Amino acid sequence: MSTNTYSPIHVIGGGLAGSEAAWQIASAGVPVVLHEMRGVRGTDAHKTDGLAELVCSNSFRSDDATANAVGVIHAEMRLAGSLIMASADRNQVPAGGALAVDRDGFSDAVTAAIQNHPLITVVREEVQGLPPREWDLAVIATGPLTSPSLAAAIQAETGEDHLAFFDAIAPIVHRDSIDMDICWYQSRYDKVGPGGTGKDYINCPLDEEQYNAFIDALIAGDTVGFKEWEGTPYFDGCLPIEVMAERGRETLRHGPMKPMGLTNAHNPTVKPYAVVQLRQDNALGTLYNMVGFQTKLKYGAQAEIFRMIPGLQNAEFARLGGLHRNTYIHSPILLDKTLTLKSRPGLRFAGQITGCEGYVESAAIGLLAGRFAAAERKGEALSAPPATTALGSLLGHITGGHLVSDDEPGKRSFQPMNVNFGLFPDLEPGSIVKPEGVKRFRGKDKTIMKRQLLSARALKDCASWLGRN
């Protein structure tokens, strides 16, 4: 069939996700109209009108595909013919084990590739509302700084409570890095609750000396300032923990760190002076979030201070906390497994607006949205990547890997997240085998082997999904 027989697919937003979506669609032989408002209207963060402009760091983070989830998604995207990864590779600058790029060279490469593709038309205009229905198939990839008019249209379509403009995020910890010789499972007052067992939280106990040292560190910790466009920083019910600590030494002890209703299973006769609770964050049970610990501390300070908490001394963080302006939809209840808005067939979302974090994650979701849209246009089966892949695990997080509750269906634990091994399904029992001749095999060595096995499985399954085997 001639490519000219296909109607174009419209992509709104020329960032990393939109550029990747357009490239994947055109690479499948389907024409694309890419709508980008920069050049007509700027944003508070962008400096140029180039496509895929990097507004923050120039790093795509680790490129290690043998034992790092970010490196694995890099490798999977390369297998899938990613424009973003190809442009990053051609404009790499020295950064140790990370993939960092010359930001201008990278943007210029993406822009040139898009503008020179015979099936892609770039239109410089602001799309102020939802795509008109006559566009048929479209992808919205407008990122965390979506224009107010389009954000209002999305909110009107999805409902008042399903679009977030301010993101309060508590740190999330890998379950297998928590020391359960110190911590224990228990709900406050052993309360069972809907879907609970009475042991729904992991509890980290602090004595008075540990608590005071923790408070001192919080107050002294280095914090991140707000950007000009973020507006009023704090609102009721979402104070950063360091602000609560500044309001009085006992504030946290009577708030998120209160010890009431909890008994230390390892030392029942000694009442903890304070307790940090962690709640299961994903359906796999591999990630736990620190309850009430939203913060503006810088990342380095967070990791150092939170590892002062007994039981978290070796904590590995799937993500650290934050409080910032971020436009994203509650994807698990709004999107289907192919990133299509359930209330509007043919309209997909991609990039950070879906609830992912990071350059490569945004581009990865753009890659999937583009492939899904192209397949739909061509009448082909829409094949999602396996859950065992980095692409599949990130898609799973966005479209349903969270926990649900009766009072807030789809919202309780859904937060924007980077790709990490906590989103991957666990290995089959017995997969981790002690190497021959090794006497002690636990802790760090065991973790490294697990990551290597998860990485190898992901790349094998991704190649199979793409028909590369």
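**How many of the 6 residues of β11 are buried?** The answer is 5, so this strand is mostly covered. Keep in mind that everything in these views comes from a predicted model. The close-ups start with the sheet that holds β11 and then move on to a helix and a few single residues.

**View 1. Six strands line up in an open sheet.** Going across the sheet, you meet the strands in the order β10-β11-β12-β13-β9-β14, with antiparallel pairing. At the edges stand β10 (184-185) and β14 (317-319), and each has a single partner strand, so one side of each has no neighbour in the sheet. If you're new to sheets, here's the basic idea: strands pair through backbone hydrogen bonds, either parallel or antiparallel.

**View 2. Strand β11 has a partner on either side, β10 and β12.** With β10, strand β11 (residues 201-206) pairs in the antiparallel sense over 2 bridges. With β12, the pairing is antiparallel too, this time over 6 bridges. Try following N203 through this view: W184 stands opposite N203 in β11, and N203 in turn stands opposite Q277 in β12. Then look for helix α6 (residues 208-220), which lies across β11 and β12 (274-280) and runs at about 95° to β11.

**View 3. Two cysteines, C183 and C204, sit 3.5 Å apart, sulfur to sulfur.** Why is there no bond here? A disulfide is a covalent bond between the sulfur atoms of two cysteines. The cut-off for calling one is a sulfur pair within 2.5 Å, and for C183 the closest cysteine sulfur, in C204, is 3.5 Å away, which is too far for a bond. Both residues are tucked away: C183 is buried with a relative accessible area of 1%, and C204 is buried at 0%. A search of the whole structure turns up 0 disulfides.

**View 4. Helix α4 is a 14-residue helix covering residues 103-116.** From its first C-alpha to its last, α4 reaches 20 Å, close to the 20 Å expected at 1.5 Å a residue. At the N-terminal end, D102 acts as a cap: one of its side-chain oxygens lies 3.1 Å from the backbone nitrogen of D104. Which residues of α4 are buried? They are G105, F106, S107, A109, V110, T111, A113 and I114. An α-helix has 3.6 residues a turn, so residues three or four places apart point the same way. The cover over the buried residues of α4 includes helices α1 (16-27) and α3 (83-90), along with strands β2 (32-36), β3 (59-62), β5 (98-101) and β6 (120-124).

**View 5. H174 lies in strand β9.** This strand covers residues 172-174. Is H174 buried or exposed? It counts as buried, at 13% relative accessibility. Leaving aside residues up to four places away in sequence, H174 touches T286, L287, E316, F317, A318, N420, F421 and G422.

**View 6. K298 lies in a loop.** The loop runs between β13 (287-290) and α8 (299-306). K298 is partly exposed, with a relative accessible area of 38%. Now find T223: K298 and T223 are 75 residues apart along the chain, yet their C-alpha atoms are separated by 5.1 Å.

Conventions
Residues numbered from 1 in each chain as written. Predicted model: local features only at pLDDT ≥ 70, side-chain atom pairs only at ≥ 80, totals over all residues. Heavy atoms only, no water. Pairing = 2+ DSSP bridges. Helix = DSSP H or I, 4+ residues; strand = E, 2+ residues; numbered from the N terminus. Contact = heavy atoms within 4.5 Å. Axes fitted to C-alpha atoms, helices over the stretch in contact; angles between N-to-C directions. Expected span 1.5 Å × (residues − 1). Buried < 20%, exposed > 50% of the residue type's maximum accessible area, 1.4 Å probe, protein only. Polar contact = N/O pair within 3.5 Å; in protein donor to acceptor, adjacent residues only side chain to side chain.
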